[in-house]
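Subject: Structure handover

Hi,

Here is the structure for your set. My notes on the ligand site and the backbone follow below it.

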Amino acid sequence: MTDVTTRTAVCPGSFDPFTLGHRYVVQRAAACFDEVVITVVVNPNKHGMFGVDERIELIRADCADLPNVRVDRWSGLLVDYLRNESIHTIVKGLRSAVDFDYEVPMAQMNRELADVETVFLLTDPRFAHVSSSLVKEVAKLGGDVAPFLSPAIHRALLARIAGEQRV
Ligand code: PNS
């Protein structure tokens with residue numbers, strides 16, 4: 001078994017865009033670990049609303065007040081990132097039993113592949129229904145998603161949607 005003495009954890013995700021639900025989990029993780037790395041995982045087969053550089057920039061600005069949080073990127077198997085960085089812990093947020101059912105096989109696979117631990121943190125009930133994809137869908141159809149995003153990310157989302165709709 002890996003000696004998990006390094007108190008660094010990775011919060012991986014697509015973060016397209018980073019929501020207040022993500023931010024809540026990162027903040028809780030930052031209180032539990034010495035350092036938290038938000039790793040934006042690039043899926044080359046998936047074209048996001050925001051490019052990876054934009055997502056990183058938005059997350060950096062959003063988490064600037066959290067001194068032990070940094071942002072990185074990765075393309076490929078997540079456990080390879082952890083191996084490269086000598087990190088042994090992944091933190092994932094859980095909104096519901098649906099998330100749990102989705103996350104458990106990945107946690108088990110990651111443990112088998114690289115002896116990596118996955119720690120689950122509960123999200124705030126205020127954000128239990130919030131996902132990046134739902135926020136994008138609602139915003140595109142004119143719904144108010146301001147309660148689920150930081151003001152800067154909300155502005156960026158509305159600007160991107162306005163740009164897309166002009167095309
Ligand atoms: O925000 P998301 O899209 O729910 O994040 C899912 C993510 C990116 C964390 C997950 O798909 C992942 O770890 N992808 C990296 C590729 C990988 O390692 N796949 C095997 C997982 S067991």
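Helices and strands here are DSSP runs, numbered from the N terminus; a helix (H or I) needs at least four residues and a strand (E) at least two. Note that this is a predicted model.

First, the annotated span. An unreviewed UniProt entry carries the annotation "domain: Cytidyltransferase-like" for residues 10-137. In the model, that span is 44% helix and 24% strand. Its end C-alpha atoms lie 28 Å apart.

Next, the ligand. The ligand sits in the largest pocket. Which residues are around the ligand? The shell is made up of P12, G13, S14, V41, G76, L77, L78, K92, M106, M109 and N110. Taken alone, the ligand exposes 550 Å², and the protein buries 70% of that.

By class, the shell divides into six nonpolar residues, four polar and one charged. Pro counts as nonpolar and Gly as polar in that split. By element, β1 (8-13) and α4 (97-114) each supply at least two shell residues. The largest share comes from α4, with three residues.

Two polar contacts are worth a look in your viewer:

- S14: a polar side-chain atom lies 2.5 Å from an oxygen atom of the ligand.
- L78: a backbone N or O atom lies 2.8 Å from an oxygen atom of the ligand.

Both S14 and L78 are in the shell listed above. The L78 contact is made by the backbone, whereas S14 uses its side chain.

Then the backbone. Where is the cis peptide bond? The bond from D16 to P17 is cis, with omega near 0°. P17 lies in the loop between β1 and α1 (20-32). That β1 is one of the elements that supply the ligand shell.

S86 also has a backbone feature to check. Its phi is near 55°, a positive value in a residue other than glycine. S86 is found in the loop between α3 (78-85) and β4 (89-94). The α3 run begins at residue 78, and L78 is around the ligand.

To recap for your setup: the ligand is in the largest pocket, with 70% of its area buried by the protein.

Best wishes

Conventions
Residues are numbered from 1 along each chain as its sequence is written. This is a predicted model: local features need pLDDT of at least 70, side-chain atom pairs count only at pLDDT 80 or more; totals for chains, interfaces and linings use all residues. Side-chain values use heavy atoms; hydrogens and water are left out. A residue is near a molecule or strand if one of its heavy atoms lies within 4 Å of it. A polar contact is a pair of N or O atoms within 3.5 Å; within protein, one must be able to donate a hydrogen and the other to accept it, and residues adjacent in sequence count only if both atoms are side-chain atoms. Accessible areas come from the Shrake-Rupley method with a 1.4 Å probe; for residues, only the protein chains shown count as cover. On a 1 Å grid over the protein atoms alone, a cavity is a set of points where a 1.4 Å probe fits but cannot get out, and a pocket is an open set with protein on both sides within 12 Å along at least five of seven lines; lining residues have an atom within 4 Å of a point. A molecule sits in a cavity or pocket if more than half of its atoms lie within 2 Å of its grid points. UniProt positions are given in the numbering used here, feature names are shortened, and annotations may be inferred rather than shown by experiment.
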